[in-house]
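This report describes selected elements of one protein chain and how they pack and pair. The sequence and the structure are shown below.

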Amino acid sequence: MGIGVLSRCRRGRFWAVGKIIGIDLGTTNSLVAIVESGIPLVLADGQGRRLTPSVVRVPASGEPVVGWEAKRGRAAHPETTVTSIKRFIGRRGDEVDSIADAPTYPIHAKGSGPVAVPLHGRDWSPEELSAQILKALRTIAAEGMIDRPEAAVITVPAYFNDAQRNATRRAGELAGLRVERIINEPTAAALAYGLGSLKEKSKVAVYDLGGGTFDLSILELNEGVFQVLATCGNTRLGGDDIDRALIDHLAEQIGQAGGPSASSDPVLWARLAEAAEEAKTRLSTETEVAIELPFLTPGFSFEHTLTREQLERLAKPVVARTREYCLKALADAGLASGDLDQVILVGGQTRMPLVREFASGVFGCGAGGPELNTSQNPDEAIALGAAIQAGILSGDFSGMLLLDVTPLSLGIETFGGLMNVIIPRNTTIPVKRGEAFTTVADYQKEVLIHVLQGEREKAADNWSLGRFTLEFEPQPKGVAKVGVQFEIDADGILHVLARDIKTGNEKLVEMASAVEVDDAEVQQMIEESVEHAFDDIEERRWIEAKLRAEQTTDATRKGLKTLGGELAADQRGAIESALAAVESLLAKRGRDEAVTAAELKEANGNLDAATQPLAELIMDRVMEEMLEKRGVLPG
């Protein structure tokens with residue numbers, strides 16, 4: 001596939017109306033691309049630069065400054081220069097780690113409210129600041145076009161939840177763009193690498209380590225269809241963490257040399273951040289670099305030689321954290337590393353030799369293992385893939401379809417506190433599935449729909465995505481039927497529909513947030529689902545047996561009260577004995593004494609057998625009443 005670079009053309013106009021642009025809205029840098037004559041092109045600005053720093057400076061007056069100009073002024077204006085805003089988009093205050101996420105600019109992050117950046121007496125939302133970056137990209141794309149681009153495909157990390165995806169869409173709309181599709185970054189990268197070059201049934205791992213996020217996706221190409229088999233990642237793991245480790249190292253060296261403290265000096269911290277990023281980039285091709293920071297104070301200048309070995313020692317703990325996500329994605333896809341054909345590296349941080357060596361080792365590349373594919377520019381692959389997806393939507397490509405998956409199971413809470421899965425983890429999207437449920441209490445006027453996401457058996461161990469109620473006509477328990485339908489659209493956003501099947505009364509809710517816990521706990525939940533698998537299954541079995549036992553004992557006591565006198569003494573004695581055994585086990589478990597689901601299930605079976613004569617008696621009485629109502633008297 002030919003990859004072109006296109007600078008802004010000031011002399012001619014050469015694109016037709018209706019083009020959809022592809023945008024990689026990155027944590028550190030962003031890009032815009034388009035498909036022209038079947039070739040995806042990364043667009044450059046008037047100075048020939050393809051990368052636009054995801055940096056916004058908000059001056060006291062006038063319009064915000066974006067990109068390279070904002071980045072150059074960061075050292076002088078650290079408190080009003082916003083970087084890595086992608087880490088905060090769509091997140092709540094209590095999801096922000098005050099230490100790990102601490103920027104040089106002020107943020108408001110409290111409770112369940114949205115994160116905001118207070119600058120010059122105004123609270124800027126992450127969506128508004130991201131929109132400034134998108135406007136700059138739109139301007140680059142608009143140069144030389146007949147009309148300004150009106151539509152875009154925007155990429156997000158695979159592990160972005162509903163709130164983050166919706167916030168990204170909102171940012172696009174604030175930038176004046178019609179967002180045609182939100183797609184996952186690894187999936188976009190696979191499109192850029194794989195177009196016309198992969199053989200049928202090829203399986204590819206996309207290792208995407210960017211500035212602020214990491215994703216590992218396993219994809220398969222089958223008859224022109226890219227299908228994501230599994231995906232796993234962390235929305236707060238990336239090159240920024242390596243930068244932070246290097247900044248801390250430089251700050252320590254400055255302190256040891258008698259220099260000022262960076263922790264209380266935002267201007268110094270910004271200068272260190274700029275120096276660290278430049279040194280890290282250079283050490284991808286050089287073995288050592290000289291870092292010079294003159295006049296940190298009137299009488300103190302700093303000089304330091306940083307080697308690649310020192311950088312790799314600082315970066316290794318960060319890079320090593322990606323291993324668990326790689327192995328989890330392989331396990332979810334049911335594959336071994338030897339089943340892969342290629343490992344694709346995406347994201348600017350994968351230029352680092354340590355990262356390439358690490359990824360190669362994790363997947364056993366070479367010597368009969370998969371090929372480590374570094375043929376494309378890792379900074380540009382995602383934008384190119386977004387442009388290809390835009391081309392697919394606009395009809396520039398035929399015979400190619402993009403299928404994605406939902407990374408975690410989705411369901412609702414059912415009686416007994418269990419999670420009933422409606423859409424399992426790694427289901428291909430877009431998807432629509434539903435189930436019918438009934439009531440557990442007599443004459444309920446409404447039912448609570450509690451939407452959950454996660455991999456645990458008990459509802460309390462999963463994430464709550466939201467709750468809403470559906471009103472319906474009161475009826476005896478078990479009579480009312482409620483249909484619940486989950487639909488995940490092409491952007492990965494969940495819509496939940498609840499309908500009273502009898503009356504047709506329904507309520508449709510779009511989940512405002514997909515994850516009600518800190519992003520750092522995403523992987524922890526997945527690990528806990530494996531760690532507690534046997535305990536969870538036993539707990540589900542117990543709850544199901546307990547519900548069955550409670551229903552049976554309740555029905556048995558009602559039956560004995562009504563018709564017990566018509567049973568033979570030995571039959572009634574057997575029922576009462578079996579009933580007492582079940583209730584004894586329930587009481588023991590209530591006192592936290594050891595009782596297994598198997599024991600309760602066996603007791604339930606004994607009660608079922610003992611109540612057979614009573615059940616037959618009840619059925620006979622019911623039949624008599626039915627015949628009597630119909631005017632048919634027994635002979």
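Which residues point one way from strand 13, which point the other way, and are they buried or exposed? In this predicted model, Lys-203, Ala-205, Tyr-207 and Leu-209 project to one side of strand 13, while Val-204, Val-206 and Asp-208 project to the other, and all are buried. Seven of the seven residues of strand 13 (residues 203-209) are thus buried, so the strand is largely enclosed by the rest of the structure.

**Overall composition**

The secondary structure of the protein chain comprises 15 helices and 29 strands. Of its 635 residues, 52% are buried. When contacts between residues at least 6 apart in sequence are considered, 67% of them join residues at least 24 apart.

**Strand 13 and its partners**

Strand 13 pairs with strand 14 (residues 214-222) in the antiparallel sense, over seven bridges. Within this pairing, Val-204 is placed opposite Leu-219 of strand 14. The two strands, 13 and 14, form a hairpin, with four residues between them. Strand 13 is also joined to strand 18 (residues 342-346), by five bridges, and these two strands run parallel. Here the bridge partner of Ala-205 is Val-343 in strand 18. Strands of a sheet pair through backbone hydrogen bonds, in either the parallel or the antiparallel sense.

**Gly-238 and its surroundings**

The end of strand 13 is linked in space to a loop residue: Leu-209 and Gly-238 are 29 residues apart in sequence, and their C-alpha atoms are 5.8 Å apart. Gly-238 belongs to the loop between strand 15 (225-234) and helix 5. Its relative accessible area is 0%; because a residue under 20% counts as buried, Gly-238 is buried. Leaving aside residues up to four places away in sequence, Gly-238 touches Arg-87, Leu-209, Gly-210, Gly-211, Gly-212, Thr-213 and Val-318.

**Helix packing around helix 7**

Val-318, one of the residues touched by Gly-238, also takes part in the contact of helix 7 with helix 5. Helix 5 (residues 239-256) packs against helix 7 at an angle of about 140 degrees, the axes being 9 Å apart. That angle makes helix 5 oblique to helix 7, and their crossing is right-handed. From helix 5, Asp-241, Ile-242, Ala-245, Leu-246 and His-249 meet Leu-311, Leu-314, Ala-315, Val-318 and Val-319 of helix 7. The residues of this contact divide into eight nonpolar, one polar and one charged.

Helix 7 (residues 308-320) packs with helix 9 (residues 353-363) as well, at an angle of about 45 degrees and with the axes 9 Å apart. Helix 7 is therefore oblique to helix 9. The crossing of helix 7 and helix 9 is right-handed. On the side of helix 7 the contact involves Arg-308, Glu-312, Ala-315, Lys-316, Val-319 and Ala-320, which meet Pro-353, Leu-354, Val-355 and Phe-358 of helix 9. Seven of the residues in the contact of helix 7 with helix 9 are nonpolar, none is polar and three are charged. Ala-315 and Val-319 of helix 7 appear in the contact with helix 5 and in the contact with helix 9.

**Two open sheets**

An open sheet of four strands has the order 22-21-25-26, with antiparallel pairing. Strand 22 (418-423) and strand 26 (463-471) are its edge strands, and each pairs on one side only. Neighbouring strands of this sheet are turned against each other by 30 degrees on average, direction ignored.

Another open sheet of four strands has the order 24-27-28-29, also with antiparallel pairing. Strand 24 (431-438) and strand 29 (506-510) stand at its edges with a single partner strand each, so one side of each is left without a neighbour in the sheet. The twist of this sheet averages 15 degrees from one strand to the next.

Individual residue pairs can be located in both sheets. Val-451 has Gly-466 in strand 26 as its bridge partner, and Ala-498 stands opposite Lys-507 in strand 29. The strand pairings described in this report are listed below.

| Strand pair | Sense | Bridges |
|---|---|---|
| Strand 13 and strand 14 | antiparallel | seven bridges |
| Strand 13 and strand 18 | parallel | five bridges |
| Strand 25 (residues 446-453) and strand 26 | antiparallel | eight bridges |
| Strand 28 (residues 494-500) and strand 29 | antiparallel | five bridges |

How values were computed:
Residues are numbered from 1 along each chain as its sequence is written. This is a predicted model: local features need pLDDT of at least 70, side-chain atom pairs count only at pLDDT 80 or more; totals for chains, interfaces and linings use all residues. Side-chain values use heavy atoms; hydrogens and water are left out. Axes are lines fitted to C-alpha atoms, for helices over the stretch in contact, and angles run from 0 to 180 degrees between N-to-C directions. Angles under 35 degrees count as roughly parallel, over 145 as roughly antiparallel, 65 to 115 as roughly perpendicular and the rest as oblique. A crossing is left-handed if the near helix is turned anticlockwise from the far one by less than a right angle, and right-handed if clockwise. Contact means heavy atoms within 4.5 Å. Ala, Val, Leu, Ile, Met, Phe, Trp, Tyr, Cys and Pro count as nonpolar, Asp, Glu, Lys and Arg as charged, and the others, Gly among them, as polar. Two strands pair if DSSP finds at least two bridges between them. Buried means under 20% relative accessible area, exposed over 50%, partly exposed in between (1.4 Å probe, protein chains only).
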